[in-house]
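Please walk through the two-chain structure shown here, from a single loop residue to the overall build and then to the packing of its helices.

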Amino acid sequence: MKQEDDRLPEALRVAARDYNEPPELSHSDLDDMWSAIEKDAFPKRFSSPSAPRAESREPRAQSRFSTRNLLPLAAVLLLGVAIGRFGLPRKQQALPSVAVRPAGGDSVAVPEPYQTTTSQYLGRTAALLVSLPSEVHSGRADDLLLGRAHDLLLTTRLLLDSPAASDPRFRNLLEDLELVLAQVVRLQADQGKGELDLIRQALDQRDVLPRLRSAVADISADD
Amino acid sequence: MTSPAVAVEISEATPYVSREPELIARVVAGDRLAARELYDAHAPRVFRLAFRLTGESELARELTQETFIRAFAQLGRFRGESALSTWLHRVTISVVSNAMRKVKRFRARETDLDEATSMAVETRRADPDLRDKLHRAIDELPEIYRTTLVMHDVEGYTHEEIANVLGVAEGTCKSRLSVARAQLREKLAPFAKEWLE
């Protein structure tokens, strides 16, 4: 940029940069603002079955499922994904994904504009649920991981409200993933040792992580 | 075997910028998911600009919300003649300016009511440092000069960007910046000769 002759002296320019220094926005700040925007700009969402945003910390999952059966459900869902029930086109052939399989006869139909987003979402969800056991096992459910779970829960709800969920089987999967992710996110709010112990116990008893890794390895071999 | 780390990298493979036109079209068709993506990409900068101009977190949040509500409602009219970020910042400036006019009117009434007591307190206070004086001087600039100065000298926008956002010629933008700086020099002259040399 051209230097102006009337530039302020260095000391003033430095001091001016502190003028109304904005705070950093957290995930939760962004989500709170988004809730208000969405309510106003897209009011229909709140008549849909996929839960008002205000209930994000009190997921409807609580009344229907306990922690003990949610995590095995997560494992079952992921293995279901892994054995090829999802026929999303693989646009990114060079980049393997745990969650996406070539199209088969029993594949779900996701409208084309949503395929990339859906594929990415499934990959992220799989990655998070794969890493969750070790995080929990070591007693670490850090902000980064739980923040990712929060984002994924939000994306799940957005997908539920979009044409991507028009296929009943995919909608069912999204609803189940919503339940699982809501339970994971709840760890952040509760910070309850008991919750972590229950999850750790459920994961250990069902040997979820090794089974999931085996499934991922099988898929890679198929490719 | 695919590791979780690889899967995460995959999810971030598609650059946002190349998807922006498609996202805009989807928002116009009522797609919330696309709207959220646009929001995630632009909200921090919009909030930043709103905060710089208002200095109040809660107000800046409200104005950020208002900006996106208005932007989503009007997105069908966006023709792509400027960058989406420029268009969004234009909406931001409009929303903030309207709000600040109301805030200033409200504060002016409050000042009238409290004038006697606050002035008595002011005279007993120690002088704030020059940084505070500078910030107060910026606060007191007329709105068009303050906006230009904040965008250029504080937030680092170029004259071209500011001109696009404000809908004025680049020359006008430079002229406003020059006036703003001159007013600051004048206001600070009694306090900080060494700063201005």
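**A loop residue, the helices and the core**

N20(A) counts as partly exposed because 19 other C-beta atoms lie inside 10 Å of its own, while 20 or more would be needed for a residue to count as buried. The model is a predicted one. N20(A) sits in the loop between α1 (10-17) and α2 (27-41) of chain A. The phi of N20(A) is positive, near 45°, although the residue is not a glycine. Most residues other than glycine have a negative phi.

Chain A, to which this loop belongs, contains nine helices and zero strands. Its elements, from the N terminus on, run α-α-α-α-α-α-α-α-α. Of the 223 residues in chain A, 40% are buried. For contacts in chain A between residues at least 6 apart in sequence, 69% join residues at least 24 apart.

Chain B has ten helices and zero strands, in the order α-α-α-α-α-α-α-α-α-α along the sequence. Buried residues account for 37% of its 197 residues. Of the contacts in chain B with a separation of 6 or more, 62% are between residues 24 or more positions apart.

The largest nonpolar core has 84 residues, and the members that touch the most others are A16(A), A149(A), L159(A), L181(A), V185(A), A50(B) and I138(B). Helix α3 (residues 32-54) of chain B supplies the largest share of this core, twelve residues. In soluble globular proteins, nonpolar side chains tend to be buried together.

Two of these residues, A16(A) and I138(B), also appear where the two chains meet. Helix α1(A) packs against helix α6 (residues 130-139) of chain B at an angle of about 70°, with the axes 10 Å apart. α1(A) is therefore roughly perpendicular to α6(B). On the α1(A) side the residues are L12(A), A15(A) and A16(A), and they meet R131(B), L134(B) and I138(B) of α6(B). Leaving out residues up to four places away in sequence, I138(B) touches A16(A) and Y19(A) from chain A, together with R146(B), L149(B) and L184(B) from chain B.

R146(B) and L149(B) lead on to another helix pair. Helix α7 (residues 143-154) of chain B and helix α9 (residues 170-188) of chain B pack with their axes 8 Å apart, at an angle of about 95°. This angle makes α7(B) roughly perpendicular to α9(B). From α7(B), the residues I144(B), Y145(B), R146(B), T148(B), L149(B) and H152(B) meet C173(B), R176(B), L177(B), V179(B), A180(B) and Q183(B) of α9(B).

Helix α9 of chain B also holds E186(B). Is E186(B) buried or exposed? E186(B) is exposed, because 11 other C-beta atoms lie within 10 Å. Its C-alpha atom is 9.7 Å from that of A137(B), and the two residues are 49 apart along the chain.

L129(A) is placed in helix α5 (residues 112-137) of chain A. L129(A) counts as buried because it has 25 C-beta neighbours inside 10 Å. The C-alpha atoms of L129(A) and A149(A) are separated by 9.0 Å, with their positions 20 residues apart along the chain.

Three further helices of chain B can be taken in sequence order. Helix α2 (residues 16-28) of chain B has 13 residues, so at 1.5 Å a residue it should span 18 Å, and its end C-alpha atoms are indeed 18 Å apart. α2(B) bends by about 35° at E22(B). The buried residues of α2(B) are L23(B), R26(B) and V27(B). An α-helix has 3.6 residues a turn, so residues three or four places apart point the same way. After α2(B) comes G30(B), with a positive phi near 95°.

Helix α4 (residues 57-74) of chain B has 18 residues and reaches 25 Å from its first C-alpha to its last, close to the expected 26 Å. Its buried residues include A60(B), L63(B), F68(B), A71(B) and F72(B), as well as Q65(B) and E66(B).

In helix α8 (residues 159-166) of chain B, the buried residues are H159(B), E161(B), I162(B), N164(B) and V165(B). G167(B) follows α8(B) and has a positive phi, near 70°.

Terms used: Residues are numbered from 1 along each chain as its sequence is written. Chains are lettered from A and ligands numbered from 1 in the order in which they are written. This is a predicted model: local features need pLDDT of at least 70, side-chain atom pairs count only at pLDDT 80 or more; totals for chains, interfaces and linings use all residues. A nonpolar core is a set of buried Ala, Val, Leu, Ile, Met, Phe, Trp, Tyr and Cys residues joined through C-beta atoms within 7 Å. A residue is buried if 20 or more other C-beta atoms lie within 10 Å of its own, exposed if 12 or fewer, and partly exposed in between; C-beta atoms are placed from the backbone. Helices (H or I, at least four residues) and strands (E, at least two) are DSSP runs, numbered from the N terminus. Two residues are in contact if their C-beta atoms, placed from the backbone, lie within 7 Å. The expected span of a helix is 1.5 Å times one less than its number of residues. The bend at a residue is the angle between axes fitted to the seven residues ending there and the seven starting there. Axes are lines fitted to C-alpha atoms, for helices over the stretch in contact, and angles run from 0 to 180 degrees between N-to-C directions. Angles under 35 degrees count as roughly parallel, over 145 as roughly antiparallel, 65 to 115 as roughly perpendicular and the rest as oblique.
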